[in-house]
Amino acid sequence: MHKFASSLLLAMPLLACLPAACAQSTPPVPLVAAAPAKIAPPDPALKAAFDAAARGGLDDVALAGFRSQPLAGWLEYAALRGQFDTLPVARGNAFLVLRKGEPVAVPFRNDWLAALARRNEWPAFLANWDEAIEDAALRCLRLQALMAMNRSDAQWTADAQAIWRSSGSSLPAQCDAPFALLAAQGGLTDALRWERVDLAAAAAQTGVMRSIARGFPAPADAAQAGLYAAYLDAPSDDVAAWPNTARSRLVASTALAKLAKADPDRAEALLPGVAKALSFGEAENGRVLYQIALWTVALYLPDSARRLANVPASAYDDSLHEWRVRDALSRSDWAAALAAIRRMPDAQRNDSRWLYFAARTSELTGDAAGAKALYAQAARKPDFHGFLAADRLGQPYALCPWQPATSPAAKQAIARDANIVRALQLFQLDRKGWATREWNAALARFSDEQRRLAVEVAQDNGWFDRAVFGLVNVGGKRYPDEQRLYRLRFPLHHDATLRREAARNTLDPAWVAAEIRAESVFDPNARSGADARGLMQVVPATGAAIAAKIGQPWSGADTLFDADANIAIGTAYLRQLMDRYGGRPYQVIAGYNAGPTPLNRWMSQRPAMDPDFWIETISYKETREYVARVLSFSTVYDWRLNGDALRVTDRMQGLTNGPRKAFACPVEAPAAAAPPAPPATPTRRRR
């Protein structure tokens with residue numbers, strides 16, 4: 001057992017590597033941050049004040065006592081929004097003037113506008129309108145305001161029509177009155193009605209289609225739209241009387257594609273007759289055949305290979321290419337899996353996942369030299385499949401840490417930024433939605449260097465998930481070099497408890513850290529929609545049962561928000577799963593994410609399959625990626641803690657005494673050739 005480093009910010013040298021894999025010796029990169037930049041914590045009385053505001057018990061005298069606090073604006077918003085239905089217009093308007101440009105003004109304005117509409121204060125509503133508002137309900141309330149002011153002019157009509165055609169899903173009730181006036185004025189033409197029927201049909205929103213159908217002036221149009229909606233709910237072969245139009249083909253193909261998700265056999269049986277009656281083209285056939293094949297293979301039903309082959313090339317996307325590989329892997333048809341990888345687009349084939357499986361299947365079909373070249377290319381990536389490839393080659397894991405030089409003064413300046421201070425204080429008060437608004441406002445102004453420093457400041461103050469949402473991919477813009485900020489992207493906290501409970505349950509502490517990183521990013525107050533709570537996202541029923549078993553004090557579900565208790569319960573649960581499932585972490589990780597029922601099904605379907613193939617053929621995308629992510633994170637945390645790592649090939653099988661691996665930065669070299677694409681094939685004859 002390797003001991004933990006005395007400091008979690010230990011400087012890790014990049015160790016020597018094989019000449020074929022690495023550059024000449026890379027200087028060590030110390031993972032040492034600038035001194036922590038702590039913000040002033042929120043006033044202890046603020047939590048009670050926010051609670052009082054939520055109950056309507058915070059008056060102006062109490063508010064005045066917090067006027068100099070950074071969170072004064074948010075506290076006033078919390079206090080006033082319960083009074084919006086009676087609040088004097090001048091008071092609400094004054095808040096928006098005082099807080100102009102601050103993030104708190106956005107939710108205040110939205111709530112204030114809704115209240116002004118309820119009060120029929122239409123002049124005030126329009127005076128406070130902001131064209132940046134995208135919320136459909138508020139935009140429809142603006143149309144109501146203009147109606148009340150007798151300003152339903154040509155621009156009003158254009159705005160109403162734009163909202164009408166904006167979505168095939170149900171629009172808010174606030175839009176009913178404007179749409180009624182639009183229809184009365186002749187602005188809701190039959191063409192516009194059909195345009196939205198098409199949108200709703202493509203989204204399979206049959207309730208919306210029926211609502212639109214009731215508004216058609218012509219009974220024939222109303223009947224046809226209603227017929228389309230009924231068909232989407234219950235497809236059949238009874239389409240001979242339908243008009244042979246693009247709309248009919250859209251509805252019928254969408255309905256059969258929807259049916260295929262639940263009953264691919266029934267969809268396949270209906271397709272030929274419907275396709276013939278409505279003159280389906282490749283697009284319509286492809287839409288249905290895609291879903292028939294996808295759900296057949298995703299459920300590992302018989303006849304998957306034939307159905308995958310029936311999908312026209314034009315309908316294939318990255319997802320179906322992947323499922324074609326998984327289908328072949330599940331049948332141990334290595335040649336078919338390799339052929340499916342070779343059919344992928346170049347960018348997809350060059351992903352480390354598919355390079356690795358191309359190598360594995362090449363090896364299993366007798367091409368050892370080709371496999372070695374592909375393993376070498378995959379091993380350049382610091383991820384799960386890159387680590388697996390490095391194990392196959394017996395070479396170090398690829399890792400090129402980057403720690404930019406940090407100016408202490410610049411970091412302290414970020415810690416004093418008003419948005420950052422408010423964001424961190426709100427986070428500490430567990431008001432994460434508001435905290436994120438302040439954070440985003442700061443990042444919108446920051447340079448890349450300031451943004452990275454902000455992430456560091458957030459971690460100094462316990463907000464660790466900013467490394468997930470503030471690095472690498474921010475606002476749709478990618479910063480690939482920031483993948484190398486391992487100290488920030490893989491934080492460590494509550495380390496003493498983590499080490500103690502891992503040892504108590506005979507678990508690898510790097511695995512426990514990886515589970516926490518994957519589940520909550522070290523937020524002890526995290527809570528999911530399924531009511532999983534705390535660092536390791538334990539649901540209360542499981543928490544209570546495990547606590548009773550191990551003698552952990554339990555005072556109700558909120559016990560799971562205590563970091564020490566959560567780690568004790570979570571690690572004991574992992575140990576329980578390890579004992580139940582034969583000590584195979586890769587299956588335990590799958591069960592931790594998906595639950596016992598899917599895990600038992602997957603284990604029974606492929607009981608003797610190699611772990612790497614078993615993981616890749618998990619039918620749930622979330623769980624498949626979760627297992628790979630946790631195993632990859634475990635390797636990085638092992639490096640953070642020890643400077644080297646247990647081989648991931650051993651780790652996923654629960655072998656803890658195997659050789660340990662060094663890490664090194666690969667040399668920049670021309671990429672090895674990806675598995676070649678197949679030759680062009682003749683166009684399929686339409687059936």
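## Cavity lining

Five nonpolar, two polar and two charged residues make up the lining of the largest cavity. The structure here is a predicted model. The aromatic side of that lining includes Phe 427, Trp 463, Phe 464 and Phe 522. Val 521 also lines the cavity. The two charged residues are Asp 465 and Asp 523. Gly 462 and Ser 520 complete the list, and they supply its polar part.

How much space lies in the largest cavity? The volume is about 40 Å³. A search of the whole structure turns up one cavity of 30 Å³ or more.

## H4 and H5

Helix H4 covers residues 89-98, and helix H5 covers residues 105-118. Their axes come within 10 Å and cross at roughly 160°. Angles over 145 degrees count as roughly antiparallel, so H4 is roughly antiparallel to H5. The crossing is left-handed.

On the H4 side, the contact uses Val 89, Gly 92, Asn 93, Phe 95 and Leu 96. H5 answers with Ala 105, Phe 108, Arg 109, Trp 112 and Leu 116. By class, this contact holds seven nonpolar, two polar and one charged residues. Arg 109 of H5 is the charged one.

## H10 and H11

Helix H10 spans residues 190-202 and helix H11 spans residues 206-215. The axes come within 9 Å and cross at roughly 165°. That angle makes H10 roughly antiparallel to H11. H10 passes H11 in a left-handed crossing.

H10 contributes Arg 193, Arg 196, Val 197, Ala 200 and Ala 201 to the contact. From H11 come Val 208, Met 209, Ile 212 and Gly 215. Six of these residues are nonpolar, one is polar and two are charged. The charged pair is Arg 193 and Arg 196, both on H10. Gly 215 of H11 is the polar residue.

## H33 and H36

Helix H33 runs over residues 585-594, and helix H36 over residues 621-642. They pack at an angle of about 130°, with their axes 9 Å apart. Are H33 and H36 roughly antiparallel or oblique to each other? Angles must be over 145 degrees to count as roughly antiparallel, so H33 and H36 are oblique. H33 passes H36 in a right-handed crossing.

The H33 face of the contact consists of Tyr 586, Ile 589, Ala 590, Tyr 592, Asn 593 and Ala 594. The H36 face has Glu 622, Thr 623, Tyr 626, Val 627, Val 630 and Leu 631. Nine of the residues are nonpolar, two are polar and one is charged. Asn 593 and Thr 623 are the polar ones. Glu 622 of H36 carries the charged label.

Methods
Residues are numbered from 1 along each chain as its sequence is written. This is a predicted model: local features need pLDDT of at least 70, side-chain atom pairs count only at pLDDT 80 or more; totals for chains, interfaces and linings use all residues. Side-chain values use heavy atoms; hydrogens and water are left out. Axes are lines fitted to C-alpha atoms, for helices over the stretch in contact, and angles run from 0 to 180 degrees between N-to-C directions. Helices (H or I, at least four residues) and strands (E, at least two) are DSSP runs, numbered from the N terminus. Angles under 35 degrees count as roughly parallel, over 145 as roughly antiparallel, 65 to 115 as roughly perpendicular and the rest as oblique. A crossing is left-handed if the near helix is turned anticlockwise from the far one by less than a right angle, and right-handed if clockwise. Contact means heavy atoms within 4.5 Å. Ala, Val, Leu, Ile, Met, Phe, Trp, Tyr, Cys and Pro count as nonpolar, Asp, Glu, Lys and Arg as charged, and the others, Gly among them, as polar. On a 1 Å grid over the protein atoms alone, a cavity is a set of points where a 1.4 Å probe fits but cannot get out, and a pocket is an open set with protein on both sides within 12 Å along at least five of seven lines; lining residues have an atom within 4 Å of a point. Grid points are joined across faces, edges and corners, and a volume is the space filled by probe spheres set on the points.
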